[in-house]
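Here is a short set of exercises on a ligand and its surroundings. Have the structure open and work through each solution step by step.

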Amino acid sequence: MQSVFSPPLHRQRHQFVIDYIKRTKPQKVLDLGCGECSLLKKLKFHREIQLLVGVDIDGAKVKKQMHGLAPLSTEYLQPSFDQLCIELYQGSVTQRDARLRGFDLVTSIELIEHLTLADVEHFSAVVFGYMTPSAVIVSTPNSEFNPLLPGLSGFRHSDHKFEWTRAEFQSWALKVCSEYGYDVEFTGVGQPPPSQQESVGFCSQIGVFHRLRGRDSGSMLFGDGADDEFSYTLLCSINYPSLRDNNILRRVLVSEVLYCAEKLKSRWMEEKTGDGEEASTMCLGEGAEFLSGQHVEEELTACGEGMKSPVEQCGRAVSDDGEGEYDDLWTKGQEGETFNRHVSVPLDELFSCFPRVSELSGSLSNLRLLLMDSPEVKLSQDGSAVLIAYQDPDREEEEIDNNIEDSGYAEASHCSYTTEQEEDWEENV
Ligand code: SAM
């Protein structure tokens, strides 16, 4: 049937649910008769929802579409603190399953008209009597609207077992309320022409049910064993990446810390090369104090006081090794000895200068704890700073030359040169 509504009626029904969710912020939402998961695909973006479950009797239909519920690559790259788990089940709403109890909201959009009237009774007992959600949204066609739908004869869909008038729907809904302790408001989507609003009503009629406080819970009604029934088949369970997962938090924090520390390091190095006198004087002055302690890794140079930018505050250079001679900011090993050089970036500077680092870690002590167990991060001995490997550009060339000399290649070329000389010399003699 051609759509006579704009936006189309199915979208208006889903929008009704979305608007309700925006207002009431449920954490656990269950969609009965989820079909092609189109409502679930919209709801997964509502991050107040922590558990989103879909059930349909047609497992093949669900499986065909469920890939659309997988996290996007950006959700892996930039996870949020929100938590979301999506579960999909194959099963009938006429049967009980303990995993579907206690939801904040259950939706049943254009489902009940696909059940026999006997099964509608089972649906009522299962949903309102056993699952006992805080709220239920039920939508179903309003048969009074049918004469306004062009070209329609009979029901709106060949699988419909009935289509109710407003009075029939309301009578079922009020009976449910009195049996299971709910109240209900009637509304709908799909407006008729203004002159026929009263006489015809909405194209899709909707009942919004709320559980009355103080009523017996489902387990009281069903007795012991109500929580042991598992009749549905789990098709998939998707856990969205969340920063509440400690491993994910650590991974994201580590890459943020390394990024920020590298940024500070290169800005500091720019200053060192651009305005070398000032930087090395400042750092050496502070470091000299430390050197008397003969513990190079802990502190060589410290932050300058009264400086404004993070990089100005945070330039420190350290070596992996203990003793050494200093020609400027950097350490030298004893003759023939090599060791790595590092810039030391204090954690408290990272915490105070970079909002994302403080947001992720929550506190300075937590930042230290999370980094301590991360093999990708090298901390100073007292755990107060991140050590970032440093390659002094002036020395890079020198080191490459040294390395070549130390290598077998240098020896080999030296040998061959000598041999050639000897041959020449022999020739000359
Ligand atoms: N709720 C979806 C929506 O709004 O787009 C799909 C509605 S579709 C018209 C009805 C769905 O109910 C179908 O996917 C069908 O397989 C499902 N269904 C029918 N009988 C069911 C039952 N006893 N238990 C669970 N799902 C059922």
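**Exercise 1.** Find which polar side-chain atom lies 3.1 Å from a nitrogen atom of the ligand, then look for backbone partners.

*Solution.* Start with the side chain: a polar atom of Ser-92 lies 3.1 Å from a ligand nitrogen. Next, take the backbone: a polar atom of Gly-33 is 2.8 Å from a nitrogen atom of the ligand, and one of Val-93 is 3.0 Å from a ligand nitrogen. Finally, check the cover: the ligand alone exposes 590 Å², and the protein buries 83% of that (Shrake-Rupley method, 1.4 Å probe).

A word on the source: this is a predicted model, where local features need pLDDT of at least 70 and side-chain atom pairs pLDDT 80 or more, while totals for chains, interfaces and linings use all residues. Residues are numbered from 1 along each chain as its sequence is written, and side-chain values use heavy atoms, leaving out hydrogens and water.

**Exercise 2.** Describe the shell around the ligand by class.

*Solution.* First, count: 16 residues surround the ligand (a heavy atom within 4 Å), and Gly-33, Asp-56, Lys-61, Val-93 and Ile-109 are the closest. Then sort them: five are nonpolar, seven polar and four charged. In this scheme, Ala, Val, Leu, Ile, Met, Phe, Trp, Tyr, Cys and Pro are nonpolar, Asp, Glu, Lys and Arg charged, and the others, Gly among them, polar.

Definitions and conventions
A polar contact is a pair of N or O atoms within 3.5 Å; within protein, one must be able to donate a hydrogen and the other to accept it, and residues adjacent in sequence count only if both atoms are side-chain atoms.
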